[in-house]
Amino acid sequence: MSSMEATMSMLEAMPEEARLKVLEFTKKLFTSERPANPYRELTSDQILGDLEESRKQIACGEGLDMEDALDQLGRKHGFV
């Protein structure tokens, strides 16, 4: 059973009042000022600007070595 089929099955089993609450919650996800997706849409200029800034940081030695960065993340989240 796919996730969509499982969701539909649960919705069909719910009383109408509960389905309306689900509908209202779903509408809020799509219309809220702070969308459910935490990533904002970027323009090409913003992406290129970020890339330029990143390249400047790397040229100045401000970047992290990938192995060091992964080790830091691993320690922070308990993987290492």
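The following legends describe an overall view and several close-up views of a predicted model.

**Figure 1. Overall fold of the protein chain, which contains four helices and zero strands.** Read from the beginning of the sequence to its end, the elements follow the pattern α-α-α-α. The C-alpha trace spans about 60 × 35 × 20 Å along its principal axes. The radius of gyration of the protein chain is 22 Å, whereas a compact globule of 80 residues would have a value near 12 Å. Buried residues account for 2% of the 80 residues. The accessible surface amounts to about 7800 Å², and carbon and sulfur atoms contribute 58% of this area. The chain carries 10 positive and 16 negative charges, and the mean positions of these two sets are 6 Å apart.

**Figure 2. Close-up of the salt bridge between Arg19 and Glu16.** A search of the whole structure finds three salt bridges, and the pair shown here is in helix H2. The closest N and O atoms of Arg19 and Glu16 are 2.9 Å apart. The two residues are three positions apart in helix H2, so about one helical turn separates them. Arg19 has a relative accessibility of 30% and therefore counts as partly exposed. Glu16 is likewise classed as partly exposed, at 45% relative accessibility.

**Figure 3. Close-up of the salt bridge between Glu24 and Lys27.** In this pair the closest N and O atoms lie 3.6 Å apart. Glu24 and Lys27 are three residues apart in helix H2, which means that they are separated by about one helical turn. Glu24 is partly exposed, with 40% relative accessibility. Its partner Lys27 is also partly exposed, with a relative accessible area of 42%.

**Figure 4. Close-up of the nonpolar surface patch formed by Phe25, Leu29 and Phe30.** Together these three residues present about 360 Å² of accessible area. Phe25 is located in helix H2, which comprises residues 16-31. The relative accessible area of Phe25 is 53%. Because the threshold for an exposed residue is over 50%, Phe25 is classed as exposed.

**Figure 5. Close-up of the salt bridge between Glu52 and Lys56 in helix H3.** The side chains of Glu52 and Lys56 meet at an N to O distance of 3.6 Å. Both residues belong to helix H3, which covers residues 44-59. Their spacing of four residues corresponds to about one turn of the helix. Glu52 is partly exposed, with a relative accessible area of 47%. For Lys56 the relative accessible area is 47%, and this residue is partly exposed.

**Figure 6. Close-up of the negative surface patch formed by Asp65, Glu67, Asp68 and Asp71.** One of the patch residues, Asp71, is found in helix H4, which consists of residues 66-76. The relative accessibility of Asp71 is 35%. Residues enter a patch at over 30% relative accessible area, whereas the exposed class requires over 50%. Asp71 therefore counts as partly exposed while being a member of the negative patch.

Methods:
Residues are numbered from 1 along each chain as its sequence is written. This is a predicted model: local features need pLDDT of at least 70, side-chain atom pairs count only at pLDDT 80 or more; totals for chains, interfaces and linings use all residues. Side-chain values use heavy atoms; hydrogens and water are left out. The radius of gyration is taken over C-alpha atoms; the globule rule is 2.2 Å times the number of residues to the power 0.38. Buried means under 20% relative accessible area, exposed over 50%, partly exposed in between (1.4 Å probe, protein chains only). Accessible areas come from the Shrake-Rupley method with a 1.4 Å probe; for residues, only the protein chains shown count as cover. Lys and Arg count as positive and Asp and Glu as negative; His and the chain ends are not counted. The place of a charge is taken as NZ of Lys, CZ of Arg, CG of Asp or CD of Glu. Patches are made of residues with over 30% relative accessible area and no salt bridge: like charges are joined within 9 Å, nonpolar side chains (Val, Leu, Ile, Met, Phe, Trp, Tyr) within 5 Å. A salt bridge is a side-chain nitrogen of Lys or Arg within 4 Å of a carboxyl oxygen of Asp or Glu.
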